[in-house]
Amino acid sequence: MDFQGFLNDLQDWELSRKDKTRKMKSQALQKEKVGHYDFSRNKDSFDHVHSSFTAEDVPNAASEKELGNEYFKQKKFKEAIDCYSRSIAFSPTAVAYANKAMAFIKIRRFQQAEDDCTEALNLDDRYIKAYSRRATARKELGKLKEAMEDAEFALRLEPENQEIKKQYADIKSLYENEILQKASGALGSSLQVTQKLGESATNTYRGTVHPVPNVAEKSGAADLQDHTKGHNRINKQEMKASVQHLASHVASRVMAEAAKNITPPNSAYQFEVSWRGFSGDPALQARLLKAISPQDLPKIFKNALSSALLMDIIKCVASFFTSEDTALAVSYIEHLTKVSRFDMLIVCLTSTDKHDLRKIWEEVFCNEATPMEYAEILDNLRSKYCIEH
């Protein structure tokens with residue numbers, strides 16, 4: 001049989017099968033109407049008819065999401081939200097949550113949009129659209145610092161994304177202007193207080209001046225003016241020092257409050273935001289790390305750990321590698337190797353980082369004071385960290 005003949009036979013068989021299926025459906029429906037049809041007599045035929053209806057007619061997560069997309073294109077945002085909600089009820093996905101968030105943004109319900117983006121990121125903490133849309137929602141809610149952090153993290157995931165670059169730059173500009181306005185307001189209030197104090201001092205000084213000849217009066221007035229200018233210059237210098245001291249004090253208070261409220265992060269994003277917030281304070285960074293069980297590191301970081309952050313964590317672990325915390329420190333070093341793409345992260349370390357890692361390994365982790373049971377574990381981990389003997 002030639003190939004063309006084979007194709008013709010195949011088409012004839014397909015048409016015959018479809019015709020037979022239609023007849024079976026028709027017969028099944030007619031007997032069902034009469035009410036005397038025994039399904040057990042032709043169960044296979046009934047199952048075929050039943051499956052032919054359910055496969056196309058019953059909604060599911062994917063079909064509801066697609067219907068939501070169609071409503072969104074038609075600018076029927078409330079209907080789209082209902083569809084996305086049903087899709088999530090069938091099977092929650094980061095995409096469905098993020099799409100629902102975008103529909104909420106369109107009708108200016110920004111708090112619901114922020115909440116849905118957070119749910120999306122709980123399911124996929126590397127979903128760029130969820131970060132970008134949450135940044136939009138947070139910007140509209142006035143949470144500029146958090147919005148900037150979201151946009152910055154999205155940009156780190158996709159550095160060449162021009163839309164996110166623009167979003168980050170816009171939000172950063174708004175945040176910096178907000179900080180500048182607050183600082184200007186505080187500075188203006190301080191200047192007003194200083195000016196009032198200066199005027200009060202000048203008035204008091206003038207009250208002690210007695211009448212003198214005209215020439216002396218002019219000379220005294222000039223001296224008084226010079227004195228007042230000098231006094232104001234001193235006050236401005238003192239005020240600047242006071243503002244700096246106040247800023248330092250406030251920063252210390254903020255850090256102290258943050259230390260009281262350290263909670264275990266649920267994602268790489270949450271960890272990195274907190275980690276950067278504690279930059280410059282190794283003790284707080286150590287407390288943040290210790291808030292995480294070593295076994296949870298792979299689940300938290302998934303495939304979002306960077307080489308730079310990996311080195312920061314290793315250095316942090318080295319800082320509390322003592323007799324009291326040795327077991328915990330070794331557990332962190334061991335479970336870091338189970339984070340996704342760990343081998344690639346080690347390969348991508350800079351030459352400086354590799355040198356620092358070797359130094360930490362030899363001088364801290366594997367020194368003579370390290371207990372034997374931990375030294376053996378660390379020795380077995382050398383190959384994972386690409387450290388030769």
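This is a short talk on a predicted model of one protein, covering its helices and a few single residues.

I'll start with the overall makeup. The protein has 18 helices and zero strands. Of its 389 residues, 33% are buried. As for contacts, take those with a sequence separation of 6 or more: 62% of them join residues 24 or more positions apart.

Now to helix H6, which runs from residue 110 to residue 123. H6 has 14 residues, and the distance from its first C-alpha to its last is 20 Å, close to the 20 Å expected at 1.5 Å a residue. Which residues of H6 are buried? They are Phe110, Ala113, Glu114, Asp116, Cys117, Ala120 and Leu121. These residues sit on the same side of H6, because they cover an arc of only 165° around the axis. Note that Glu114 and Asp116 are on that buried list. The cover over the buried residues of H6 includes helix H5, residues 94-106, and helix H7, residues 128-140.

Just before H6 there is one backbone detail to point out. Arg108 is in the loop between H5 and H6. Its phi is positive, about 65°, although Arg108 is not a glycine. Arg108 counts as exposed because its relative accessible area is 57%, and the cut-off for exposed is over 50%.

Next, a helix pair. Two packed helices are described by the angle between their axes and the distance between the axes. For helix H8, residues 144-157, and helix H11, residues 268-277, the angle is about 115° and the axes are 11 Å apart. The crossing of H8 past H11 is right-handed. On the H8 side, the contact is made by Glu146, Glu149, Asp150, Glu152, Phe153 and Arg156. On the H11 side, Tyr269, Glu272, Val273 and Arg276 take part. How many residues of each class are in this contact? There are seven charged residues, three nonpolar and no polar ones.

Staying with H11, its buried residues are Ala268, Tyr269, Phe271, Glu272, Val273 and Trp275. Tyr269, Glu272 and Val273 appear among these buried residues, and they also appear in the contact with H8. H8 is one of the elements covering the buried residues of H11; the others include H7, helix H12 (282-290), helix H13 (297-301) and helix H14 (307-319).

Three more single residues, in order along the chain.

Ser331 is in helix H15, residues 326-336. Is Ser331 buried or exposed? Ser331 counts as buried, because its relative accessibility is 15% and the cut-off is under 20%. Leaving out residues up to four places away in sequence, Ser331 touches Pro294 and Gln295.

Cys366 is in the loop between helix H17, residues 351-365, and helix H18, residues 372-380. Cys366 is partly exposed, at 23% relative accessible area. Again leaving out residues up to four places away, Cys366 touches Trp361, Leu378 and Arg382. Glu376 is ten residues from Cys366 along the chain, and their C-alpha atoms are 9.1 Å apart.

The last residue is Cys386, in the segment after H18. What is the phi of Cys386? The value is near 55°, positive in a residue other than glycine. Cys386 counts as exposed, with 52% relative accessibility. So that gives two non-glycine residues to look at for positive phi: Arg108 and Cys386.

Terms used: Residues numbered from 1 in each chain as written. Predicted model: local features only at pLDDT ≥ 70, side-chain atom pairs only at ≥ 80, totals over all residues. Heavy atoms only, no water. Axes fitted to C-alpha atoms, helices over the stretch in contact; angles between N-to-C directions. Helix = DSSP H or I, 4+ residues; strand = E, 2+ residues; numbered from the N terminus. Left-handed = near helix turned anticlockwise from the far one by under 90°. Contact = heavy atoms within 4.5 Å. Nonpolar A, V, L, I, M, F, W, Y, C, P; charged D, E, K, R; others polar. Expected span 1.5 Å × (residues − 1). Buried < 20%, exposed > 50% of the residue type's maximum accessible area, 1.4 Å probe, protein only. Arc of directions from axis to C-beta.
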